[in-house]
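Here is a short report for a first look at this structure. It covers charged pairs first, then backbone geometry.

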Amino acid sequence: MKNKAKLIFGLALTLLAGRPGAVGGQEADSSDHEHSLSELLNAGRPTVAPGYFMFPIAPGQPGFLAGSMGELRPNHFHGGLDIKTGGGVNQPVFAAADGYISRLKQSSFGYGNVLYITHPNGLTTVYGHLNAFKGAVADELLRRQYDKQSYELEAFFEKDRFPVKRGELVALSGNTGGSAGPHMHWEVRDAQDRQYNPLQWGGFPEIQDHVAPTLQAFALEPLGIEARVKQVFAKALFVPKVLPGPGVATTWADTISCFGTVGLLVQGFDRFDNAWNKNGIQRVTVKVNGQPFYQHTIDAVPFPTGTRQVGNFVDFLYQQTQGRTLQKLWVDDGNDLQMYTTGPTKGRLTVEAGKVYSIDITLADSYNNQTPVHLVLRGEKPAYFKTRSAVVKRPGLRFEVTRNLLKAVAADPSTDSVGANLVLLRGNRRLEIRPSYTQNSENVYLYDLRAGLPDSIRFGDITKKFDRQVMIPVGKEFSYATAHLNLVFGKETLFNNLYLSTAYKPEPTGSGFWTVGSPLLPLYKTATLTLKPATPPADPARTAIYAATLKGGRAYVGGKWDEQGQITAPIRQFASYRILTDTIAPKASLISRAGGQLSFSVGDDLSGLATYRLLIGGKFRLLRFEHKKALLFTVASDTLGPRLHGPAELRLTDQAGNERVIPLSL
């Protein structure tokens, strides 16, 4: 790998010396290859007659949504509708159509208590965050929980074991699992677990929507080394001085100069009638010079892996650093979602010098309320320019990696008409690059890293180490090792090529801090991380990998130790990691006996609660766990467990295996 990189870097000396590198070319006009929207977006999708599904909460009465299908969440597309329940729990939940209960699950995380009803048309409706199940299936669940002596349980049922009729009471709404407030999460899925927008088949009279989406901002981004927006290589954000109202047409007054391959991005939200919360935008369409160019419709998302594509659908780095969620209006590399219709350019627009491009963007919701946006681009071929700033008084150097490009910026107080060259160093080789432009006395240099990674970057007397050690190619299995760690990437771990940086800082204990990549870059699927501490832990059974959270906390990852004193675990994100030993057992205290039931406050200082058991006179009694409130509690509807009377004990175990037994007298 290293020899190959040296060879590529050597070739770059001949190809790129003395001028900015150039990668990419003109792409074909997408209008010549425009696909049929109906064929692409509706292929293989179910056809459902309007009115087939009834609204599952308070049918026939005005209803309100807290979340819409496809809404952009931090690490996933929202997979259904969040139905408001008046701020409380225990609202009746009704079967949306005839069918049978095919599955249910009780958990303190994720969907919480969730029910699945499969219908004759092959679709399944999903009802999440429930407080309780109703009917014979609730009795069956309780029996299985006592058989397995566990509250956390998932059960699957044969066809027609528990038939239900449209409008039959099947559950009570709640606030269980990962819910941030009382509501019911409702989905429609097919046999392959694709999540569908329930509003796409004619909507529901309970949910009224005459409010079009609201535009917050749009942006243009250069997508190739030759590309420019407003003459520079940087994303340009355009924010209306006054936020336009829902459905109000926005026309950007100024013509925007661009060149090369660029991408459009947009930020906005939607609202339903008589509701203030912000929801997602269902459909975005782009026309160029009056011709269809791009469209996405978030009406079907594969679950669970496809939903994580949200990290590639939005500009994740910009979201994490600037706080704006910009949707890309092109299909980026590594994006395999089937929600798009485009030509061969996949929404990337090639702007040619001297040409004018009329761009029309339409934002639409599930009820087809629309908001138009209009802008004009003018092709302007880039040329070197230099502007000066009195603020820059001494040389400086910084750099960043965007896509496959190194963008280096050198503060240059020189009064020369052209900025000085930048030098890339690798071993005894050097590559000089001329600045692409100088803006406010800062020279900007662009280099395609696929030509080889430098060891360091030099400008004048300033030399900085290039901290990316290796390129991890997208779509391939790849392993990278140092003296302190090993990383294994699967074919679907990455969205795009990754330029990886790692670091290790030892501790006197023999452990240390491992920095693996940047948390500003998302992973699609898991990578496998192996950490190699200088000294194996004294108690490996209670020692695991922990990730540093954004708020400074520690999140349990886990891991398995091998005979070489190394620990391995799958990771879902880049972060800083530590190896820590947890020797303290969980704690609990009885805080309530209200209604003749028991409530315990529980906690663990490091790895987190793993198992819990209440034994009364040696017999198992079911407990519910709500991690959001750190509560364990019994329920009055339990008809199988022993009475809450006499000697008892609460047994708690954390994920490190520490156990605490708390004696009780009831």
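## Arg651 and Glu649

Arg651 is partly exposed, with a relative accessible area of 28%. Its salt-bridge partner is Glu649. The N to O distance between the two side chains is 2.8 Å. Glu649 is also partly exposed, at 23% relative accessible area. Both values come from a predicted model.

## A shared network

Salt bridges that share partners also build a network. Glu221, Lys235, Asp315, Lys328, Asp332, Asp333, Arg348 and Arg403 are joined in it. Across the whole structure, the search finds 31 salt bridges.

## Two further pairs

Arg624 and Glu626 form another salt bridge. Their closest N and O atoms are 3.8 Å apart. Arg624 is buried, with a relative accessible area of 10%. Glu626 is buried as well, at 9%.

Asp193 pairs with Arg189. Here the closest N and O atoms lie 3.4 Å apart. Is each partner buried or partly exposed? Arg189 counts as buried, at 3% relative accessibility. Asp193 is partly exposed, at 28%. The cut-off explains the labels: Arg189 is called buried because its 3% is under 20%, while Asp193, at 28%, falls between 20% and 50%.

## A cis peptide bond

Most residues other than glycine have a negative phi, and most peptide bonds are trans. The backbone of this model holds exceptions to both patterns.

One is the peptide bond from Phe303 to Pro304, which is cis. Its omega is near 5 degrees. Where does Pro304 lie? Pro304 sits in a loop, with β19 (300-302) on one side and α4 (310-313) on the other.

## Positive phi at Asn368 and Arg403

Asn368 is not a glycine, yet its phi is positive, at about 65 degrees. The loop that holds Asn368 runs between β23 (356-364) and β24 (370-379). Asn368 is partly exposed, with a relative accessible area of 42%.

Arg403 is a residue other than glycine that has a positive phi, near 55 degrees. Arg403 lies in the loop between β25 (396-402) and β26 (405-411). Its relative accessible area is 30%, so Arg403 is partly exposed. Arg403 is also one of the members of the salt-bridge network.

Definitions and conventions: Residues numbered from 1 in each chain as written. Predicted model: local features only at pLDDT ≥ 70, side-chain atom pairs only at ≥ 80, totals over all residues. Heavy atoms only, no water. Salt bridge = Lys/Arg side-chain N within 4 Å of Asp/Glu carboxyl O. Buried < 20%, exposed > 50% of the residue type's maximum accessible area, 1.4 Å probe, protein only. Helix = DSSP H or I, 4+ residues; strand = E, 2+ residues; numbered from the N terminus.
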